[in-house]
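The following note sets out, in numbered points, remarks on the structure shown below. It is meant to be read with the sequence and the coordinates at hand.

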Amino acid sequence: MEFFLAGIVLFLVSQGLLGPLLANSPESEESTLLQVMWLPVYALTIAWMAITPARTLDVMWRTPIILILSLLCFASFLWSVDSGLSQRRGFALIMTTLFGLLLASRFNWRELITLIAVVFSVLAVMSTVMSLAFPGIAVHHDIHVGAWKGIWWEKNTLGAMMAFGTTAALAASVCQPRHKLIWWGLAAFQAGLVLMSTSKTALLALMLAIAGIAAIHLIRRGFGFSALILVGGGLIAFIAAMVMSIAPVAVIEALGRDPTLTGRTDIWVVLAEQVQARPWTGYGYGAFWDAPYGPAFWVRQRTQWPVPTAHNGWLEIALGIGVPGIILMAVSLLLSIIRACGRLFRGPEVFWALIFLILVVLISISESNLLQRNALTWVLFVATAARLALPRRYDAVSQR
């Protein structure tokens with residue numbers, strides 16, 4: 001029952017299907033049904049956590065940075081350009097965070113990875129059915145003609161979700177080797193959806209995920225392989241960083257991309273000026289883009305189009321809660337990655353945790369995927385970071 005309920009909530013926070021049917025964008029609050037829908041989810045989260053309060057407090061105590069980040073977002077209503085909006089969205093973020101902590105406290109690694117893989121597989125099937133049966137809704141026809149968006153608002157979300165799903169399925173094949181052929185098939189299926197989305201960022205994430213999982217397998221085969229993979233990977237990363245620093249535009253053009261990343265860099269230049277105006281506080285969590293004649297008005301005037309988000313996770317944090325939020329988020333990510341690297345040689349969790357965290361960082365460059373309320377990526381980040389913070393003795397058995 002807990003597995004089923006957790007799966008239902010993960011489906012809801014994916015914002016797939018119901019979101020596009022009831023609202024024009026992820027940030028839209030025009031649907032009363034969508035707002036009311038979260039109330040029973042929040043009630044379930046609180047009641048569920050109350051079943052084992054000691055275990056819940058133990059997990060919370062081990063993730064102070066994540067809790068501080070969530071509380072800071074809620075407290076930003078005190079200086080927000082729209083205090084009521086920041087208060088509501090900040091509360092939603094706290095509840096989203098608590099659900100992630102709940103997953104970490106109630107499921108061990110094998111159960112958690114399996115749960116995540118099952119949810120993404122269901123989302124993949126639903127996206128395929130929607131794209132084939134209802135192309136007028138699930139396929140782009142205005143811009144990016146022919147690109148699949150599945151049960152989400154746009155193609156990049158489908159691509160990112162399916163890159164995560166491929167990672168989860170491959171990790172599940174390690175957790176359940178007796179069913180590895182099934183999980184490999186589901187991974188290939190979701191990788192195909194990444195291609196159908198035509199999202200270049202998601203394709204890069206997919207390639208990185210497959211290469212990363214293969215590298216972990218090789219590392220576990222012996223020290224010689226470990227040294228070869230680590231040194232070779234470090235050398236490739238160093239060369240890539242040097243080339244990007246010397247001629248970034250040439251590299252991007254060689255990859256067939258717009259040097260402005262489809263106008264993103266133009267947005268970032270304008271937003272950097274807005275961040276400099278209020279570097280330590282930001283404009284309030286979730287409030288920057290919704291004040292019609294607030295700071296976002298001037299961003300849209302400068303760029304000459306209705307910019308909906310920063311298209312960058314780090315800039316979005318800075319706009320909401322300032323530079324302190326960026327620092328806390330970076331520290332939380334870095335600590336989690338270090339803890340995941342400490343599990344390279346044992347346990348199945350590294351196949352999900354390390355690759356997922358790296359993909360979150362990669363996707364955050366071009367998408368606003370960090371600190372998002374009622375969002376699947378944030379729930380999975382909190383759950384993954386919290387389980388990594390728990391001692392190894394918690395990994396062997398379920399906490400239920």
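Is D290 buried, partly exposed or exposed? D290 is partly exposed, since its relative accessible area is 31%. The points below place this residue within the model, which is a predicted one.

1. Overall composition. The protein has 19 helices and 0 strands. Of its 400 residues, 52% count as buried. Among contacts between residues at least 6 apart in sequence, 74% join residues at least 24 apart. The protein exposes about 17800 Å², and carbon and sulfur atoms supply 73% of that area.

2. The salt bridge of D290. The structure holds 5 salt bridges. In one of them the side chains of R89 and D290 meet, with N and O 3.2 Å apart. This pair links distant parts of the chain: R89 belongs to helix α6, whereas D290 sits in the loop between α14 (264-277) and α15 (295-303), and 201 residues separate the two in sequence. The partners differ in exposure: R89 is buried, at a relative accessible area of 1%, while D290 is partly exposed at 31%.

3. The salt bridge between R302 and E273. Another salt bridge joins R302 to E273, with the closest N and O atoms 3.0 Å apart. Here, too, distant parts of the chain are linked, as R302 lies in helix α15 and E273 in helix α14, 29 residues apart. E273 is partly exposed, with a relative accessible area of 38%.

4. The salt bridge between R106 and E2. R106 forms a salt bridge with E2, and the closest N and O atoms are 2.7 Å apart. The two residues come from distant parts of the chain: R106 is in helix α6 (residues 83-106) and E2 is in helix α1, 104 residues away. Both R106 and E2 are buried.

5. W48 and its surroundings. Which residues does W48 touch, leaving aside those up to four places away in sequence? They are E2, L5, A6, F99, L102 and R106. The contacts of W48 thus include both partners of the salt bridge between R106 and E2. W48 itself lies in helix α3 (residues 32-51). W48 counts as buried because its relative accessibility is 4%, under the 20% limit. The C-alpha atoms of W48 and R106 are 9.5 Å apart in space, although the two residues are 58 positions apart in sequence.

6. The nonpolar cores. The largest nonpolar core has 100 residues, and those with the most contacts inside it are L10, L103, W352 and F381. Apart from this core lies another, of 15 residues, including I267, A296, L315 and A318.

7. W352 and the aromatic residues. Not counting residues up to four places away in sequence, W352 touches W109, I113, I116, F164, T167, A168, A171, L380 and T384. One aromatic cluster is formed by F164, W352 and F356. The structure holds 9 aromatic pairs. One of them consists of Y283 and F288, whose ring centres are 5.2 Å apart and whose planes stand at 70 degrees, so the pair is edge-to-face. Y283 counts as buried at 6% relative accessibility, and F288 is likewise buried, with a relative accessible area of 2%.

8. A205. This residue lies in helix α11 (residues 200-219). A205 counts as buried, at 0% relative accessibility. Beyond its neighbours up to four places away in sequence, A205 touches A163, L359, L362 and I363. Between A205 and I363 the C-alpha distance is 7.5 Å, with their positions 158 residues apart in sequence.

9. A nonpolar patch at the surface. M1, F4 and I8 make a nonpolar surface patch of about 370 Å². I8 is found in helix α1 (residues 2-13). Why does I8 count as partly exposed? Its relative accessible area is 39%, and partly exposed residues fall between 20% and 50%.

Terms used:
Residues are numbered from 1 along each chain as its sequence is written. This is a predicted model: local features need pLDDT of at least 70, side-chain atom pairs count only at pLDDT 80 or more; totals for chains, interfaces and linings use all residues. Side-chain values use heavy atoms; hydrogens and water are left out. A nonpolar core is a set of buried Ala, Val, Leu, Ile, Met, Phe, Trp, Tyr and Cys residues joined through side-chain atoms within 4.5 Å. Buried means under 20% relative accessible area, exposed over 50%, partly exposed in between (1.4 Å probe, protein chains only). Contact means heavy atoms within 4.5 Å. Patches are made of residues with over 30% relative accessible area and no salt bridge: like charges are joined within 9 Å, nonpolar side chains (Val, Leu, Ile, Met, Phe, Trp, Tyr) within 5 Å. Accessible areas come from the Shrake-Rupley method with a 1.4 Å probe; for residues, only the protein chains shown count as cover. A salt bridge is a side-chain nitrogen of Lys or Arg within 4 Å of a carboxyl oxygen of Asp or Glu. Helices (H or I, at least four residues) and strands (E, at least two) are DSSP runs, numbered from the N terminus. Rings of Phe, Tyr and Trp (its six-membered ring) pair if their centres lie within 6.5 Å; planes under 30 degrees apart count as stacked, over 60 as edge-to-face and the rest as tilted.
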